[in-house]
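Biologist: Please go through this structure with me, one topic at a time. I should like to begin with the terms.

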Number of protein chains: 2
Amino acid sequence: MATIYDIAKEAGVSAATVSKVLNGKTDVGAKTSERVKKIASELNYHPNSIARGLATKKSDTIGVFFQDHLNTGFRHPFLQDVLASFKDTIGKNGYDLIFFANDHPDNQMETFEARAKNRHVDGLFLLGVPRTDPNLFSLVQSGIPCMSVDLDLIGPNASYITSDNVGGAQKAVDYLVEMGHEDIAFISDVFATKPGQDRLMGFKTAMEKHRLPILTKWIIASDFSEKGGYLSTLKILESDHLPTAIFCAGDMMAIGAMEAITEKGLKIGKDISIIGFDDIKLLNYVKPSLTTIRQKKDIMGEMAADELLKLMNDSNYFPSPLSIETELVIRSTVIRRGTTKSTDDSIEV
Amino acid sequence: MATIYDIAKEAGVSAATVSKVLNGKTDVGAKTSERVKKIASELNYHPNSIARGLATKKSDTIGVFFQDHLNTGFRHPFLQDVLASFKDTIGKNGYDLIFFANDHPDNQMETFEARAKNRHVDGLFLLGVPRTDPNLFSLVQSGIPCMSVDLDLIGPNASYITSDNVGGAQKAVDYLVEMGHEDIAFISDVFATKPGQDRLMGFKTAMEKHRLPILTKWIIASDFSEKGGYLSTLKILESDHLPTAIFCAGDMMAIGAMEAITEKGLKIGKDISIIGFDDIKLLNYVKPSLTTIRQKKDIMGEMAADELLKLMNDSNYFPSPLSIETELVIRSTVIRRGTTKSTDDSIEV
DNA sequence: ACAATTTTCGAAACCGCTTTCGTAAATGTG
DNA sequence: CACATTTACGAAAGCGGTTTCGAAAATTGT
């Protein structure tokens with residue numbers, strides 16, 4: 001590997017000059033500059049970012065902590081899309097991504113702060129990290145620029161992005177009501193994530209707005225998984241008084257809900273309508289096609305990247321949380337009801 | 001940020017000694033060692049891996065190039081699973097992953113070799129990189145330890161892993177024949193990837209083994225996408241003589257094929273059987289459930305990691321390509337045929 | 001032609017850690 | 001107790017860059 005010293009010797013200049021040329025500084029003559037560049041390429045020179053990083057205290061690197069409750073690696077349907085989009089826009093700005101291994105053998109290295117400082121990342125992107133993680137506090141204190149999604153990190157150098165989950169949940173309920181539903185169940189979030197709580201809040205306020213009853217037996221906390229949705233729905237279906245619609249706080253749970261419903265011999269839509277949340281790609285393949293509230297994943301990733309860039313480059317910038325509008329995506333799992341209440345359900349079964 | 005010098009001063013020893021303590025070298029006394037450790041933790045010391053990397057020329061980092069023809073970011077259904085598994089096992093060995101941005105703004109940084117050397121990664125993992133990439137040659141020459149999946153990299157420090165695609169394709173044909181099929185179409189790979197070519201070869205040899213005709217109009221090259229499978233199948237269905245089974249070199253194409261078939265008013269299985277390749281997670285959600293040849297993604301990722309570790313740590317190790325057995329997964333899209341040839345097709349349509 | 005600027009370049013310190021090698025102290029041996 | 005070994009520690013060089021600051025050289029002005 002050629003170094004700047006090799007180039008310097010070959011060109012008859014000092015290493016300092018080579019460094020300047022390669023970094024486009026202005027205080028170097030035109031012909032020397034040319035000569036140096038030529039020799040650099042002849043020698044197949046590649047800058048060593050490690051050495052540079054040591055000198056500049058920058059690494060052009062963003063650290064990523066990608067965990068999730070279900071430990072699905074890169075397979076989390078929603079976060080994965082946000083991450084892909086984040087990667088694209090941060091990459092265009094010259095940053096590579098470093099993914100921290102989830103279980104590092106060196107137990108000195110257990111905190112976010114330790115890992116980040118060790119790798120000298122310029123910024124951090126957190127996905128799927130539980131709010132309850134005890135190391136979050138010291139992270140925010142550390143002053144490392146941090147962006148997270150769906151996790152309410154706040155500090156002078158930390159911010160986060162979420163969908164407008166309250167509003168999204170309201171859209172869902174509004175639509176259900178508009179379609180004539182009044183007996184609405186909600187499958188919510190057992191982890192107390194920020195989006196989960198917000199969706200629950202949105203659900204409740206919308207129900208109150210429409211003067212509809214909120215039954216505790218119809219609010220079931222689950223884990224965002226397909227199986228969770230399935231089990232929760234089974235529980236709902238045990239009762240003799242059935243809701244006409246189920247709103248699931250995540251699409252995977254909605255998929256599970258649909259399975260439970262068909263398994264019980266009921267027809268989705270006709271007997272019980274379903275609406276989800278997220279609009280994950282998988283929905284293109286499930287039948288019947290699920291009506292849901294879309295999160296704009298691409299935009300979220302992009303905005304998260306832009307915000308992190310600001311956090312890193314402008315020390316005066318004081319962030320505030322970013323909220324992205326959702327969209328109602330009407331497909332086929334919500335069907336209009338007559339105003340008469342669910343008496344015909346029993347006939348259908 | 002505390003450095004080893006801070007610790008050294010505080011402990012009344014030299015930086016060299018601190019370094020030794022922190023790295024568990026043996027030539028340091030017990031009480032000094034204790035004192036240093038204590039002070040290190042008091043000072044909330046975190047080692048700076050950049051500085052260490054400069055000194056040791058190691059980075060405990062694996063570079064990842066994750067591209068794919070369809071540019072799906074982290075969303076590639078097969079590679080994503082392999083990667084997740086790779087990450088887990090390489091992570092347990094203390095390596096973090098660095099993902100190179102796909103389009104770096106600095107055009108000096110376009111080759112794999114340049115990027116890898118710049119970041120001083122200890123090894124490289126390539127996924128979805130097209131065989132035709134002109135920079136592959138210099139990469140292998142560079143001597144950087146490289147592991148790839150489905151890309152036939154070979155060299156003293158480079159190797160790759162694939163499924164036994166030839167064998168897998170044979171299993172598919174064998175099964176089809178066993179189920180009474182003789183008129184078999186194959187949707188193959190237009191990119192001339194290693195797995196694509198191998199599956200084609202497996203298909204052909206199996207057909208020959210069974211003394212079945214290989215019709216060129218029934219071998220259609222496509223792009224592994226759902227849409228590609230759909231269009232290819234449409235083309236096959238144009239003819240008046242239809243195959244009784246279609247073997248798709250990838251599950252996504254098989255999904256597209258199923259759409260085309262139902263769209264044409266035919267019944268999957270009853271009229272035309274379908275078998276795919278990969279067994280991607282998505283198959284849990286498509287109906288009817290696709291019979292396919294499973295690639296053992298978890299094992300592939302794990303073995304790729306182990307092999308890369310050998311490549312990095314044992315300079316005498318000379319690699320040979322890794323091949324993993326596939327499994328036939330019988331679900332419901334292949335249906336038994338009578339031995340009488342496809343005369344009843346026309347009746348069914 | 002001489003002073004005043006401006007441009008171009010390099011010496012040297014530094015970033016934080018590792019590693020070799022020599023030396024001083026501690027320990028063992030007879 | 002004299003001598004041979006071990007053990008414990010540190011000085012210094014090095015990893016490959018960046019950056020400050022001063023000086024020499026080139027340019028400008030009058």
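Modeller: Ala, Val, Leu, Ile, Met, Phe, Trp, Tyr, Cys and Pro count as nonpolar, Asp, Glu, Lys and Arg count as charged, and the other residues, Gly among them, count as polar. Please also note that this is a predicted model.

Biologist: With those classes, how do the residues of the surface near DNA strand D divide?

Modeller: That surface has 11 nonpolar residues, 12 polar residues and five charged residues.

Biologist: And which residues are the closest to DNA strand D?

Modeller: Ser19(A), Thr17(B), Lys20(B), Gly29(B) and Thr32(B) are the closest of the 28 residues that surround DNA strand D. Of the atoms of this strand that come within 4 Å of the protein, 62% belong to sugar and phosphate.

Biologist: What lies near the phosphate oxygens of DNA strand D, then?

Modeller: In the side chain of Thr32(B), an N or O atom is 2.7 Å from a phosphate oxygen of DNA strand D. For Ser14(B), a backbone N or O atom is placed 2.8 Å from a phosphate oxygen of that strand. Chain A takes part as well, since a polar side-chain atom of Asn23(A) lies 3.0 Å from a phosphate oxygen of DNA strand D.

Biologist: Which elements supply at least two residues of that surface?

Modeller: In chain A they are helix H1 (4–11), H2 and H4, and in chain B they are H2 and H4. H4(A) provides the largest share of the surface near DNA strand D, with four residues.

Biologist: Now the other strand. Which residues are the closest to DNA strand C?

Modeller: DNA strand C is surrounded by 28 residues, and the closest are Lys20(A), Gly29(A), Ile4(B), Ser19(B) and Tyr45(B). Sugar or phosphate accounts for 65% of the atoms of DNA strand C within 4 Å of the protein, and the rest belong to bases.

Biologist: What do you find at the bases of DNA strand C?

Modeller: A polar side-chain atom of Tyr5(B) is 2.9 Å from a base nitrogen of DNA strand C. From the side chain of Asp27(A), an N or O atom lies 3.1 Å from a base nitrogen of that strand. With Ala55(A), the atom concerned is a backbone N or O, which is 3.3 Å from a base oxygen of DNA strand C.

Biologist: Which element gives the most to the surface near DNA strand C?

Modeller: H4(B) does, with four residues. The residues of this surface comprise 12 nonpolar, 11 polar and five charged.

Biologist: Let us leave the DNA. How many residues of chain A are in contact with chain B?

Modeller: There are 53 residues of chain A in contact with 53 residues of chain B. About 4700 Å² is buried between the two chains, and carbon and sulfur atoms give 56% of that area. In chain A, the residues that lose the most area to chain B are Ile50(A), Phe74(A) and Tyr285(A), which together make up 16% of what that side buries.

Biologist: How many salt bridges cross that interface?

Modeller: The rule finds four salt bridges across the interface of chain A and chain B. In the salt bridge between Arg119(B) and Asp96(A), the closest N and O atoms are 3.0 Å apart. Across the same interface, 21 residue pairs are found in polar contact.

Biologist: Which element provides the largest share of the side of chain A that touches chain B?

Modeller: H5(A) provides the largest share of that side, seven residues. The side of chain A that touches chain B consists of 23 nonpolar, 15 polar and 15 charged residues.

Biologist: How do E2(A) and E2(B) run, parallel or antiparallel?

Modeller: These strands run antiparallel, and three bridges join them. Ile98(A) stands opposite Ile98(B) in this pairing.

Biologist: One last topic, the backbone. Where is Pro288(A) placed?

Modeller: Pro288(A) is in the loop between strand E9 (273–278) and strand E10 (291–294) of chain A. A cis peptide bond links Lys287(A) to Pro288(A), with omega about -5°. In chain B, Lys287(B) and Pro288(B) are likewise joined by a cis peptide bond, with omega about -5°.

Biologist: And what is the phi of Arg211(A)?

Modeller: Arg211(A) has a positive phi of about 55°, although this residue is not a glycine. Arg211(A) belongs to the loop between helix H9 (194–209) and strand E7 (219–222) of chain A.

Technical notes: Residues numbered from 1 in each chain as written. Chains lettered and ligands numbered in written order. Predicted model: local features only at pLDDT ≥ 70, side-chain atom pairs only at ≥ 80, totals over all residues. Heavy atoms only, no water. Near = heavy atom within 4 Å. Polar contact = N/O pair within 3.5 Å; in protein donor to acceptor, adjacent residues only side chain to side chain. Contact = heavy atoms within 4.5 Å. Buried area = accessible area lost by both parts, 1.4 Å probe. Salt bridge = Lys/Arg side-chain N within 4 Å of Asp/Glu carboxyl O. Pairing = 2+ DSSP bridges.
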